[in-house]
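Biologist: Could you take me through this model, starting with its pockets and then turning to its sheet?

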Amino acid sequence: MVIEASRQTGFGHRIRLGMVGGGQGAFIGGVHRIAARLDDRYELVAGALSSEPARAKASARELGLAEDRAYGSYEEMAKAEAERPDGIEAVSIVTPNHMHAPVARAFLKAGIHVICDKPLTTTLAEARDLVALVRESGRLFIVTHNYTGYPLVRQARALVASGALGTLRLVQVEYAQDWLTEKTEATGQKQAAWRTDPKQAGAGGALGDIGTHAYNLASFVTGLKLKELCAELTSFVEGRALDDDVQILLRFEGGAKGALWASQVAPGNENGLKLRVYGSKGGLEWAQENPNQLWFTPFGEPKRLLTRGGAGALSEAARVTRIPSGHPEGYLEGFATIYSEAADAIIAARGGAKPDPAVTYPTVEDGLAGMAFIEAAVASSRAGGRWTSL
């Protein structure tokens, strides 16, 4: 099934979007720009694309931004855009982690909606302050946990919510990569350098970078609330300041148990995000590297292979499916789904309304939950793996 016409063409005027970060040499900024344009819902019109003013201006020129909307700092951008009659309606924050909170605060105070990369902040206290500001501002705040945008992740969530798995018992989630197996940060590689620096990344290395994705995916699909955890964080690469491997036992409210493994030092793994959920009536298995397939097994019956857009697709998956079954759809489209869901909410907010109840995206509260997870895991590991409540 092809996604609704409104998502293909947009409706109303395109949302005027700004971006902070994501300039020359950045990876994730380009991903966000593609995602924002994929369903034709946004127009990038302003940016403070680097903390270095000269690079920010050069990056803006490469993207074709008007000279008077190519800003040298996010503070300048928030103030100027808030004063323009055609100012941005939303800002996309794609900076290193330590800048998420200050940038978000500036734009929320300027009355501008925020779309922010994860994790929400670098500390739980900062995250709580940001949640309070979002509520006070009345602005929308979207966290780009992009894996929640995949059609079959939506299908898995709907199956769990329908009771098809019965009472949930076991949740196993992992996210394995190998790109930091050596001390890549010592080579000057920009992405490795800031992700392994506590001043920029926060208290979690692999934990904050990919562990939060794994935790969010498990929470999104199951709807379970984590009660306590037991964590061991390890820095296998000598001299590395933050963890590069995370192993955590999970206890959820209601009695379900689980485990989370996140590693960036597992040779042979590129982007191995996998989720398995088991209940009293059946189980689910999904892997990000093969995102168009979901295994569903009712207990005592043969395994069933559900495909994106194929037979048995639920409405929750169909509404975020763009192309016919059999055609690959994945990472960029997952990001685009979050942007399009955000667009529905922003357009509704133009008229003081709320979007259709089907619209789903990670909120600032989801970001707060991720920070509580990081803080509890770090505390548990430092205490020798003590069970720690969230």
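Biologist: How do the residues lining the largest pocket divide into nonpolar, polar and charged?

Modeller: This is a predicted model, and in it the largest pocket encloses about 980 Å³ of space. Its lining is made up of 47 residues, with Val94, Thr95, Pro96, Gln191 and Trp194 lying nearest the centre. By character, the lining residues of this pocket divide into 18 nonpolar, 20 polar and nine charged.

Biologist: Which element supplies the largest share of the lining of the largest pocket?

Modeller: Several elements each supply at least two residues of that lining, namely strand 1 (15–21), helix 4 (74–83), helix 5 (100–109), helix 8 (190–195), helix 10 (206–222) and helix 12 (331–350). The largest share of the lining amounts to four residues, and the element that provides them is helix 8.

Biologist: For the second largest pocket, which helix gives the most to the lining?

Modeller: The second largest pocket, with a volume of about 520 Å³, is lined by 26 residues, and the closest to its centre are Tyr215, Ser219, Glu365, Asp366 and Ala369. Two or more residues of this lining come from each of helix 6 (124–137), helix 10 and helix 13 (364–382). The lining divides into 11 nonpolar, nine polar and six charged residues. The most, seven residues, comes from helix 13.

Biologist: Turning to the sheet, which strands are its edge strands?

Modeller: The sheet is open and has nine strands with mixed pairing, in the order 13-12-11-10-6-9-8-7-14. An edge strand pairs on one side only, and this applies to strand 13 (304–307) and strand 14 (388–389).

Biologist: Which residue of strand 12 stands opposite glutamate 285?

Modeller: Strands of a sheet pair through backbone hydrogen bonds, in either a parallel or an antiparallel sense. Strand 11, residues 282–287, and strand 12, residues 293–298, take the antiparallel sense and pair over five bridges. Opposite glutamate 285, in strand 12, stands tryptophan 295.

Biologist: What angle does the direction of helix 13 make with that of strand 7, given that helix 13 packs on the sheet?

Modeller: Helix 10 lies across strand 6 (168–176), strand 7 (226–234), strand 8 (245–252), strand 9 (257–263), strand 10 (272–279) and strand 11, and runs at about 150 degrees to strand 6. Helix 13, for its part, touches strand 7, strand 8, strand 9 and strand 14 as it packs on the sheet. The angle between the directions of helix 13 and strand 7 is about 55 degrees.

How values were computed:
Residues are numbered from 1 along each chain as its sequence is written. This is a predicted model: local features need pLDDT of at least 70, side-chain atom pairs count only at pLDDT 80 or more; totals for chains, interfaces and linings use all residues. Side-chain values use heavy atoms; hydrogens and water are left out. On a 1 Å grid over the protein atoms alone, a cavity is a set of points where a 1.4 Å probe fits but cannot get out, and a pocket is an open set with protein on both sides within 12 Å along at least five of seven lines; lining residues have an atom within 4 Å of a point. Grid points are joined across faces, edges and corners, and a volume is the space filled by probe spheres set on the points. Ala, Val, Leu, Ile, Met, Phe, Trp, Tyr, Cys and Pro count as nonpolar, Asp, Glu, Lys and Arg as charged, and the others, Gly among them, as polar. Two strands pair if DSSP finds at least two bridges between them. Contact means heavy atoms within 4.5 Å. Axes are lines fitted to C-alpha atoms, for helices over the stretch in contact, and angles run from 0 to 180 degrees between N-to-C directions.
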